[in-house]
Amino acid sequence: MDADNLFKQSIENKENFWKEQAKEIQWFEFPEKILSKDKNEYPQWYADGKLNICHLCIDQHIEDGFGDQTAIIYDSPVTDQKKTYTFNQAKEEISKLAGGLASLGLKKGDTAVIYMPMIPQTLFAMLACARIGVIHNVVFGGFAPHELVVRIDDCKPKALITATAGIEIARRIPYLPLVEKAIELAQDKVDNIIVYNRKLADNRHEMFEGLIDYEELVQKSEPADCVSVESTHPLYLLYTSGTTGKPKGIARDTGGYATALKFSMKYIYGVEPGETYWAASDFGWAVGHSFSVYGPLINRNTTIIFEGKPIMTPDAGTFWRIISEYKVSVMFTAPTAIRAIKKEDPNGELVKKYDLTHFKKQFLAGERCDVATLDWFAEHIGVPAIDHWWQTESGWPMLGLMTFDADYQIKRASAGKPVPGYDIRIFDENGLELDPHHEGYLVIRLPLPPGALLGIWNDHERFQSSYLSQYKGYYFSGDGAIQDEDGYIFITGRVDDVINVAGHRLSTSEMEEIVSSHPDVAECAVVGIDDELRGQVPFATVVLKNGSAITEEEIEKDIIRMVREKIGAVAFLKNAMVVKRLPKTRSGKILRKLIRTLLDGKDFQVPSTIDDEKIIEEIQEKINEYRA
Ligand code: COA
Ligand code: AMP
């Protein structure tokens, strides 16, 4: 069946289509009900099916005779370590860790927070939780304690699994002081704090009382078997930025997700079991969950855990070294990583050092990819660079190309066509479908296919208001887009307060809340401005309270520090400019888009709703002064 037919079937005969796809994975009990409704009348998949995703990722392959195949490669230029694990070895570690978690009283339906760097123990912890039905929540290691607190308070974990430190190039990031602070601030106490001691050369223990040693726990525990869970049992929660300061706990199911990932590996990535597949994303992001852990392992691919950066660890040839050394056939990264490499190695000199003959396809997502980066890639790497679009919410691609079919055609600057299962439309504000070449809101007709979010953890109302209430019967993606006459879609960017900084999804509302809490700030607007390397970076414009004596340098320093302390260094807020007033509409709404356009130095139209046009000149003068 070709890609167009596959798509057609997935929309016109969805139940049958997804029933057939579900047969590609092994179930303890194959579902009778393919598509039904949950208690909130929201569509759900395979409700009466039973399975275990750790079984699919590990045990299944051992049963099929592949126990000695390498499942995981850990490559850490920052600690100068390399290690591989076969499926047999992974099972031993994961099942004993699962047994250890069970011995601490964790059971199906409990939650556990995982706050760890890019080491194999993070993947083991995720799969150990899945093995016994514990719902995991991985928190990106670059987030500050406050972000950890928000998640602990929302999902009330029975355990927090962490490590002594992460490493940022040459800088050691001790995790335990951050964890200790988070525990102090959280409303709920976490009963079990499990720490993997990395025993780094400069390991200053910083252990505090009551910690459980990860290795001891594994050593002394009996292996646990995979428990059977319902298809709709949440596998994990992954918090992501929304339009308010509080992150949304995206809940993912088990059976639909496993089916969708198996489908993705075969049809979208076109990768065969046994090959090496590498998604260079942190475990803390959706890509890390779906395509560093679950997708490749379900498909019996060897996956790579890379602890380093595309540049400086030790140079901009690292990616090509890994691709060559481990015969990676398909790779996935964010465009920002390629931009960083391109900047360091504009003529591709480092590429020439490596044999890339096994490398077939490069996938890109997480943010818009500029054409100059695609051109550099084509000139120096010589394999197709394929843009595709998805979100934490979907858990797998929604736009892309079906590369299993060798006839796929790339259109530069487009993120591809709707993936089977995603009935994508471009709407105007009133919900009318737009003709090709008109920019509008990207929406998806319900039901979303298997694997997409179950909802927001314990907050159905927010799920409704964030995604389902804008257009009845459709999921609102928050992205703007244009479709062309051939069905290719071009993403034009977020239509809300979400920004993408170096492939990291962040909320400007959350930053505004932090900036506004400064005692000298009367009001503020944080917007994402263009950045050559990171795609976007946040920029704060603030109005000081009357009578405030703080200097502009002082307030900028304070704001940068506060955002770094609360969200983490990844927020990358490095600029704050004081203005007399913010541009607003006559009804008092801040005109953030206008501020962004002025900061980007782009042409703009004076909004018809602006309260006072003179403010534009005022802000422009201030920008010139600030940049001087
Ligand atoms: N723990 C602690 N701190 C972290 C961190 C982590 N896991 N990750 C990033 N940081 C810190 C960095 O040290 C840096 O701190 P600094 O401002 O004190 O120097 C800050 O956060 C910004 O980090 P980053 O955006 O990663 O900048 P960088 O200059 O170190 O690297 C890139 C730039 C482009 C190489 C890097 O951002 C990258 O590889 N991005 C790809 C992201 C990705 O894969 N996203 C997944 C979606 S597919
Ligand atoms: P995240 O949930 O972190 O995966 O971020 C999802 C958001 O990243 C989307 O809503 C888009 O705004 C953006 N995004 C992801 N992939 C792409 C892409 N290929 N092109 C443009 N934007 C993208």
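This passage walks through two ligand sites, a set of salt bridges, a buried helix and one loop serine in a predicted model.

A few ground rules come first. The model is predicted, with local features taken at pLDDT of at least 70 and side-chain atom pairs at pLDDT 80 or more, while totals for chains, interfaces and linings use all residues. Residues are numbered from 1 along each chain as its sequence is written, chains are lettered from A and ligands numbered from 1 in the order in which they are written, and side-chain values use heavy atoms, with hydrogens and water left out.

Ligand 1 has 23 residues around it, and Glu168, Arg171, Lys309, Arg534 and Arg564 come nearest (a residue counts as near if one of its heavy atoms lies within 4 Å). That shell breaks down into 11 nonpolar, 6 polar and 6 charged residues; here Ala, Val, Leu, Ile, Met, Phe, Trp, Tyr, Cys and Pro count as nonpolar, Asp, Glu, Lys and Arg as charged, and the others, Gly among them, as polar. Both domain 1 (3–308 + 388–481) and domain 2 (502–627) supply at least three residues to the shell around ligand 1, the bounds coming from an automatic or database domain assignment. As for polar contacts (pairs of N or O atoms within 3.5 Å; within protein, one must be able to donate a hydrogen and the other to accept it, and residues adjacent in sequence count only if both atoms are side-chain atoms), glutamate 168 places a polar side-chain atom 2.7 Å from an oxygen atom of ligand 1. Arginine 171 does likewise with a polar side-chain atom, 2.8 Å from an oxygen atom of the ligand. At glycine 142, a polar backbone atom sits 3.5 Å from a nitrogen atom of ligand 1. On its own, ligand 1 has 950 Å² of accessible area, and the protein covers 83% of that (areas come from the Shrake-Rupley method with a 1.4 Å probe; for residues, only the protein chains shown count as cover).

Around ligand 2 there are 14 residues, with His388, Thr392, Asp479, Arg494 and Arg505 coming nearest. This shell holds 3 nonpolar, 5 polar and 6 charged residues. Two arginines reach oxygen atoms of ligand 2 through polar side-chain atoms: arginine 494 at 2.7 Å and arginine 505 at 2.6 Å. A nitrogen atom of ligand 2 also lies 3.4 Å from a backbone N or O atom of glutamate 367. The protein covers 93% of the 490 Å² of accessible area that ligand 2 has on its own.

Next come the charged pairs. Side chains of opposite charge can pair when their charged atoms come close. The whole structure contains 37 salt bridges (a side-chain nitrogen of Lys or Arg within 4 Å of a carboxyl oxygen of Asp or Glu). In one of them, lysine 360 meets glutamate 275 at 2.8 Å, N to O. Lysine 360 sits in the loop between α12 (335–344) and β19 (361–364) and glutamate 275 in the loop between α9 (255–268) and β16 (276–279), so this pair ties together parts 85 residues apart in sequence. Helices (H or I, at least four residues) and strands (E, at least two) are DSSP runs, numbered from the N terminus. Lysine 360 is partly exposed at 38% relative accessibility, whereas glutamate 275 is buried at 18% (buried means under 20% relative accessible area, exposed over 50%, partly exposed in between, with a 1.4 Å probe and protein chains only).

Arginine 412 and aspartate 375 form another salt bridge, with their closest N and O atoms 2.3 Å apart. Here the loop between β21 (399–400) and β22 (417–418), home to arginine 412, is tied to helix α13 (residues 371–380), which carries aspartate 375, so the link spans 37 residues in sequence. Arginine 412 is partly exposed at 46%, and aspartate 375 is partly exposed at 34%. Asp75, Lys82, Arg321 and Glu325, meanwhile, are linked in a network of salt bridges.

Helix α6 (residues 145–155) has 10 of its 11 residues buried, so the rest of the structure largely encloses it. Among the buried ones are Leu148, Val149, Val150 and Ile152, along with charged residues including Glu147 and Arg151. Just after α6, lysine 156 takes a positive phi of about 45 degrees.

Finally, serine 394 is in the loop between β20 (385–387) and β21. Serine 394 is buried, at 3% relative accessibility, and its side chain reaches the backbone oxygen of tryptophan 396 at 2.8 Å.
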